[in-house]
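Work through these exercises with the structure open beside you. Try each task before you read its solution.

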Amino acid sequence: MQHPDIRLRNVAKPVKTVNKKVKVIIDNMFETMYENDGIGLAATQIDIHLQIAIAINSEKKNNPIILINPTILNYSGNIEVEEGCLSIKNKRAIISRYSYVEIRATNWSNKLCFIKAHSLLAVCIQHEIDHLSGKLFIDYLKKK
């Protein structure tokens, strides 16, 4: 979906269990992300309003990250990075984010996991979690 599609503002619902249907959604999300040269994607961007986000560490592209029902537990630092979004074509902006985050989420195996992310990966994860709350990176521009 592309901005200004109002569905991008929907708040995603928690996933109850990681079943075959959820795994198909995740597989499709990775396919969509890679086809569009992205480093992250939230299910809301493909009109599925469940708390599912994916990301890749741009330095280790063979290490996909799956975040189901993600919660930021801890954060610190500050980093300013030029962000873009697969749902907002031709728009980029410098956004201030936390430079370090600790996340709790469910993984592909329906197990609780904890992820520590720094720098660009931390920014990407925050960006995708924002999508699950109906927030877009351009919303940060309005605060300036």
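**Exercise 1.** Is Asp130 buried or exposed, and which residue forms a salt bridge with Asp130 in this predicted model?

*Solution.*
- Step 1. Take the cut-off: a residue is buried under 20% relative accessible area.
- Step 2. Asp130 has a relative accessible area of 13%, so Asp130 is buried.
- Step 3. Look for the partner. Arg97 forms a salt bridge with Asp130, and their closest N and O atoms are 2.7 Å apart.
- Step 4. Place both residues. Arg97 sits in strand β5 (residues 88–97), while Asp130 belongs to helix α2 (residues 119–132). The two are 33 residues apart, and the pair links distant parts of the chain.
- Step 5. Check Arg97 too. Its relative accessibility is 5%, so Arg97 counts as buried.

**Exercise 2.** Find the salt-bridge network that contains Arg7. Which residues are linked in it?

*Solution.*
- Step 1. Search the whole structure. Six salt bridges turn up.
- Step 2. Start at Asp5. Asp5 forms a salt bridge with Arg7, with 2.5 Å between the closest N and O atoms.
- Step 3. Go on from Arg7. The side chains of Arg7 and Asp47 also meet in a salt bridge, at 2.8 Å from N to O.
- Step 4. Place this second pair. Arg7 lies in the segment before α1, and Asp47 lies in the loop between β1 (40–42) and β2 (52–57). They are 40 residues apart.
- Step 5. Join the links. Asp5, Arg7 and Asp47 make up a network of salt bridges.
- Step 6. Check the exposure. Partly exposed lies between the 20% and 50% cut-offs. Arg7 has 34% relative accessibility, so Arg7 counts as partly exposed. Asp47 has a relative accessible area of 33%, so Asp47 is partly exposed as well.

**Exercise 3.** Describe helix α1 from end to end. Why do its buried residues line one face?

*Solution.*
- Step 1. Get the length. Helix α1 (residues 20–35) has 16 residues and reaches 23 Å from its first C-alpha to its last. That is close to the 22 Å expected at 1.5 Å a residue.
- Step 2. List the buried residues of α1: Val22, Ile25, Ile26, Met29, Phe30 and Met33.
- Step 3. Look down the axis. The buried residues of α1 fall within an arc of 140°, so they line one face of the helix.
- Step 4. Recall the general rule. An α-helix has 3.6 residues a turn, so residues three or four places apart point the same way.
- Step 5. Turn to the other side of α1. Lys20, Lys21 and Glu35 are exposed there.
- Step 6. Inspect the ends. Asn19 caps the N-terminal end, with a side-chain oxygen 3.1 Å from the backbone nitrogen of Lys21. Just after α1, Asp37 takes a positive phi of about 55°.

**Exercise 4.** Which residues make the nonpolar surface patch of about 270 Å²? Is Ile115 buried or exposed?

*Solution.*
- Step 1. The patch is made by Ile72, Tyr75 and Tyr98.
- Step 2. Pick Tyr75. Tyr75 is in strand β3 (residues 60–76). Its relative accessible area is 44%, so Tyr75 is partly exposed.
- Step 3. Move to Ile115, in strand β7 (residues 112–118). Its relative accessibility is 17%, so Ile115 counts as buried.
- Step 4. Compare chain and space. Ile115 and Ile65 are 50 residues apart along the chain, and 9.1 Å separates their C-alpha atoms.

Note on methods. Residues are numbered from 1 along each chain as its sequence is written. This is a predicted model: local features need pLDDT of at least 70, side-chain atom pairs count only at pLDDT 80 or more; totals for chains, interfaces and linings use all residues. Side-chain values use heavy atoms; hydrogens and water are left out. Helices (H or I, at least four residues) and strands (E, at least two) are DSSP runs, numbered from the N terminus. The expected span of a helix is 1.5 Å times one less than its number of residues. Buried means under 20% relative accessible area, exposed over 50%, partly exposed in between (1.4 Å probe, protein chains only). The arc is that of the directions from the helix axis to the C-beta atoms. A polar contact is a pair of N or O atoms within 3.5 Å; within protein, one must be able to donate a hydrogen and the other to accept it, and residues adjacent in sequence count only if both atoms are side-chain atoms. Patches are made of residues with over 30% relative accessible area and no salt bridge: like charges are joined within 9 Å, nonpolar side chains (Val, Leu, Ile, Met, Phe, Trp, Tyr) within 5 Å. Accessible areas come from the Shrake-Rupley method with a 1.4 Å probe; for residues, only the protein chains shown count as cover. A salt bridge is a side-chain nitrogen of Lys or Arg within 4 Å of a carboxyl oxygen of Asp or Glu.
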